[in-house]
Amino acid sequence: VTEPPVTEPPVTEPAAQPVRLTVNGQAHEVRAGPELTLLDVLRGDLGLAGPRFGCGAGLCGACFVLLDGQPRPACELPAAAAAGRDVVTVEGLAPGDGLHPVQQAFIDEQAAQCGYCTTGLVISAVALLRACPAPTPAQVREALKPNLCRCGAHGRVVRAVLKAAAAEPE
Amino acid sequence: VTVVPPPSAPEPGLPGDLAATPVLGRWLDFSADGVVTVATGKVEYGQGVWTALAQIAAEELDVRLARVRVAPVSTATSPDEGTTSGSKSIEDSGAALRQACAQARRAVLAAAAERLGADPAALGVRDGEIVTASGGTGLSYWSLGAPGLAMAAGPPAEAKPAGRWSVAGRSAPRIDIPDKVAGRPRFLHDLALPGMLFGRVVRPPAAAAGLQAVGRADLPAGVIDVVTDGSFLGVVAETDAAARVAARRLGQAARWTVRESLPDEDDLRSFLLGEPAETSVIARRRDTAAAARATRTLTAEFSRPFLAHASMAPSCAIAQVQDAAVTVWTHSQGIFALHRALAAGLGLEPRHLVVRHAEGAGAYGHNGADDAALDAVLLARAPACRGRPVRVMWSREDEMSWAPLGSAMLARLSAGLDPGGRIQSWRQDVWSNGFLGRPGTGGEPRLLALAHLAGGQPMSAAPDGAAVPTIGSVRNSLPGYDIPDVEVTRHRLLTMPIRTSSLRSLGAFLNVFAIESFMDELAAAAGADPVAFRLAHLADPRSRRVIEQAAEMAEWSVRRGPDAGLGIGFARYKGTSGYCAAVAEVEAGTEVRLRRLWLAVDVGRVINPDGVINQAEGGAVQSASWVLRERVRFDRAAITSVSWDSYPILRFTEVPDVAVRVVAAPGEPETGAGEVAQGPVAGAIGNAVAAALGVRVRDLPLTRDQIIRAIEAG
């Protein structure tokens, strides 16, 4: 016999704290409780669609952003932990509506199928080329290892990154 | 467009989908100046089909590709072309759209000729402008008021011969890729409707579980409502974060009764062979004289575990309930079937329900998209939502465990060789849960949460389709080789402890893995080279050609290093669709390393060559991942492989180099390319592992443990 569900009045969270963030060169202030992630802020508060939710555990790379220049998952990073750090999403890689050379290379090589993992891959590739402007194919694969792609566009993605490296070393 | 009722019987000779939706204006319109909007019932999910369909329309209408827009697919406006599955979009929607455009062009030219007092045959179209040999006429698709679009399709118009194509047949860049690379909102997950709320569902902790009590949970600010109905438990909040946190706390507080209902993961063979099953003969070609010539019989069993879609994005949906009107946004592959299933399952008036498609992440069959749509409606109809749209997104964990899975399978093969090394007889028995579990199949809505609602019935075991070797678990169970005496039998399980449905290529993946592995075993028994042995059993020239080309690409006759090996696999998908041969090169140390794959594919006439290559490459990599890594894990109560750690797929450092050659067949009908590689690649890898190790591993995935088990079994 199932007993009837019991609902208690909810307890309100402790007041969210103001957090100052720099995203794509612009300063923002948001109110963030401990459970709010950087990805929540980027997608929910700032309306940036580029970083994507994939797993919530930092295991797939779909939500990658550059955090002080390093590719990091935004899905499990508390927003407060990003305070005072430089956050760059795929939208902030090139000025205005322009494309970063890595993004252009992805288009040139048609390096996507569904494209859900693409923005995270672009972030990882940009970070690689800043640190290593002329990578070998093996170095590209290693740098993209934290990113998953379920459609199997891997070969094209590696080609695109190598093409971007050859076209415009940063 | 004013719609004229279609005649009671469609014109003979029209493509099937056009005959079903004959009004031309349902397929295209010229209402936006300088733009052709085409409507298809097929949805885009990263396979590139909208680009190829746009190419077909542009070609037939003589407009630049950039002028063509593809309309979002909706049950309110789009032609019902069923589910976007089975690699049939180019075959079905492409043919319908081509014919609709050819007829629209014909109607426009006739109207222009009348206006100009000219002979229609003297008129042509240049990028949408009506022209004569001497130049423009001032008329265009956009200036003539779309004559003919309100009419039903007439007698078939002659489509442009491929020899005159300038847009189709070329590798046009995909129309969806720029948005995806730039990170512009494009996915359903990005859709931010005014006033939108966010919902989450708290799934039971086990496959068979009942909600006893919600318990006491501290809910964060911003929660609008907690919805309970039987064992369905969900929450709606002002933000996604609040909904996520609330769902987690509700999950921790809820109390459930749990029953152990799952089979023993380590003995799927006993499960598959032991459950009650419906047995049907799928194919029978008897030649007793030939069978009697066999002097040696080989028998072997091959198996695969349950496989997950493991899409990059968790399933997502939005629903808005305003009085009787219900609107659903979904990334389902089958919005029309979902429309019917939601209406039936919830008792909604079908005409008050609209299901609209928006892109999700890559889909490889029937995943959780449809179930998420029901979740969204169940939450959005809560009075506290007051008509606001509610977006539901699943967690990664729920995506891995509650979306339908591809069934575990066992195939038992037996073949008789004559003294000359020819196969005279073949028997194949396939045990599996059904693959046709999409919404509405067999007249049942088949949506997850319906079983959890108060008074809900458990979902019945998934159907598997007609007793033919083109569909379901027995897809590709009939070998494509020239064998005189053949019989194939299906054993569809009548219980379904783990929910199954369609996953890319259905049973073809295991059946072709089994057949191609067994062909190598038979070749070895006959003392023959695997490629030569296959060719000796194949008269069909297109089959022979892909095998010969794949072997040539891989330099088949060149021996690899000491721990390396080559293997080949071949199939014609469904036995009726595209051809693919694959050669794999593996290096077998402590782990199997797949170095390279070479594929030759023949999918008939090609609309977008790079699209075909992309699909074949992707299919090859995904198949390799299934073969080498993937296995759904579970205990006796619940799926336990709920993360990318416990359900690993191939990573960038592990994927092989893939080379694809599209074998030209311009005179042959178009077929899909999305699923041709699944089986052949599996066979090729299995055979390459056997060549490298000298051990035949018949149970997937080909992990170290399975290889050691095969070595120990001798």
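In which hand does α8(B) pass α9(B)? The crossing is right-handed. The model on screen is predicted, and the tour starts at this helix pair.

**Stop 1: α8 and α9, chain B**

Select residues 335-346 of chain B for α8 and residues 369-380 for α9. Their axes come within 11 Å and cross at roughly 45°. Angles between 35 and 65 degrees fall outside the parallel and perpendicular classes, and α8(B) and α9(B) are therefore oblique to each other. Now show side chains. From α8(B), B:Leu338, B:Leu342 and B:Leu346 take part in the contact. On the α9(B) side they meet B:Asp370, B:Ala373, B:Leu374, B:Val377 and B:Leu378. As background for the spacing of such positions, an α-helix has 3.6 residues a turn, so residues three or four places apart point the same way.

**Stop 2: α2 and α3, chain A**

Move to chain A and select residues 101-108, helix α2, with residues 118-131, helix α3. This pair packs at an angle of about 125°, and the axes are 9 Å apart. α2(A) and α3(A) are therefore oblique to each other, and their crossing is right-handed. The α2(A) side of the contact consists of A:Val102, A:Gln103 and A:Phe106. From α3(A) come A:Thr118, A:Leu121, A:Val122, A:Ala125, A:Val126 and A:Leu129.

**Stop 3: strand β7, chain B**

Return to chain B and select residues 197-202, strand β7. Are its residues buried or exposed? Six of the six are buried. B:Leu197, B:Gly199 and B:Val201 lie on one side of the strand, with B:Phe198, B:Arg200 and B:Val202 on the other, and both faces are covered.

Add two partner strands to the selection:

- β17(B), residues 390-393, runs parallel to β7(B) and is joined to it by three bridges. Here B:Phe198 stands opposite B:Arg391.
- β10(B), residues 232-237, runs antiparallel to β7(B), with five bridges between them. The bridge partner of B:Arg200 in β10(B) is B:Val235.

**Stop 4: the five-stranded sheet, chain B**

Next, display the open sheet with the order β12-β20-β19-β18-β13 in chain B; its pairing is mixed. β12 (277-285) and β13 (296-304) of chain B each have a single partner strand, so one side of each is left without a neighbour in the sheet. On average, neighbouring strands here are turned by 10° against each other, direction ignored.

Zoom in on the β13 edge. Nine bridges pair β13(B) with β18(B), residues 409-417, in the antiparallel sense. Along this pair, B:Glu301 is opposite B:Arg412 of β18(B). Then select residues 508-525 of chain B, helix α11, which packs on the sheet. This helix touches β13, β18 and β19 (423-432) of chain B, and its direction makes about 150° with that of β13(B).

At the other edge, pick B:Val281 in strand β12 of chain B. With a relative accessibility of 35%, B:Val281 counts as partly exposed. Leaving out residues up to four places away in sequence, B:Val281 touches B:Ala467, B:Glu487, B:Val488 and B:Thr489. For a distance check, draw a line from B:Val281 to B:Ala310: the two are 29 residues apart in sequence and 33 Å apart in space, C-alpha to C-alpha.

**Stop 5: the four-stranded sheet and α13, chain B**

Finally, display the open sheet β21-β22-β23-β24 of chain B, which has mixed pairing. β21 and β24 of chain B are the edge strands, each pairing on one side only. Neighbouring strands are turned by 15° against each other on average, direction ignored. β23(B) and β24(B) pair in the parallel sense over six bridges, and B:Val601 stands opposite B:Val662 in β24(B).

Select residues 541-553 of chain B, helix α13, which has 13 residues. From first C-alpha to last, α13(B) reaches 18 Å, close to the 18 Å expected at 1.5 Å a residue. The helix lies across β21, β22, β23 and β24 of chain B and runs at about 140° to β23(B).

Which residues of α13(B) are buried? They are B:Arg542, B:Ser543, B:Val546, B:Ile547, B:Ala550, B:Ala551 and B:Met553. Their cover includes the four strands β21 (564-572), β22 (579-588), β23 (592-602) and β24 (657-662), together with α12 (530-536), of chain B. End at B:Glu555, which follows α13(B) and has a positive phi near 50°.

Methods
Residues are numbered from 1 along each chain as its sequence is written. Chains are lettered from A and ligands numbered from 1 in the order in which they are written. This is a predicted model: local features need pLDDT of at least 70, side-chain atom pairs count only at pLDDT 80 or more; totals for chains, interfaces and linings use all residues. Side-chain values use heavy atoms; hydrogens and water are left out. The expected span of a helix is 1.5 Å times one less than its number of residues. Buried means under 20% relative accessible area, exposed over 50%, partly exposed in between (1.4 Å probe, protein chains only). Contact means heavy atoms within 4.5 Å. Two strands pair if DSSP finds at least two bridges between them. Axes are lines fitted to C-alpha atoms, for helices over the stretch in contact, and angles run from 0 to 180 degrees between N-to-C directions. Angles under 35 degrees count as roughly parallel, over 145 as roughly antiparallel, 65 to 115 as roughly perpendicular and the rest as oblique. A crossing is left-handed if the near helix is turned anticlockwise from the far one by less than a right angle, and right-handed if clockwise.
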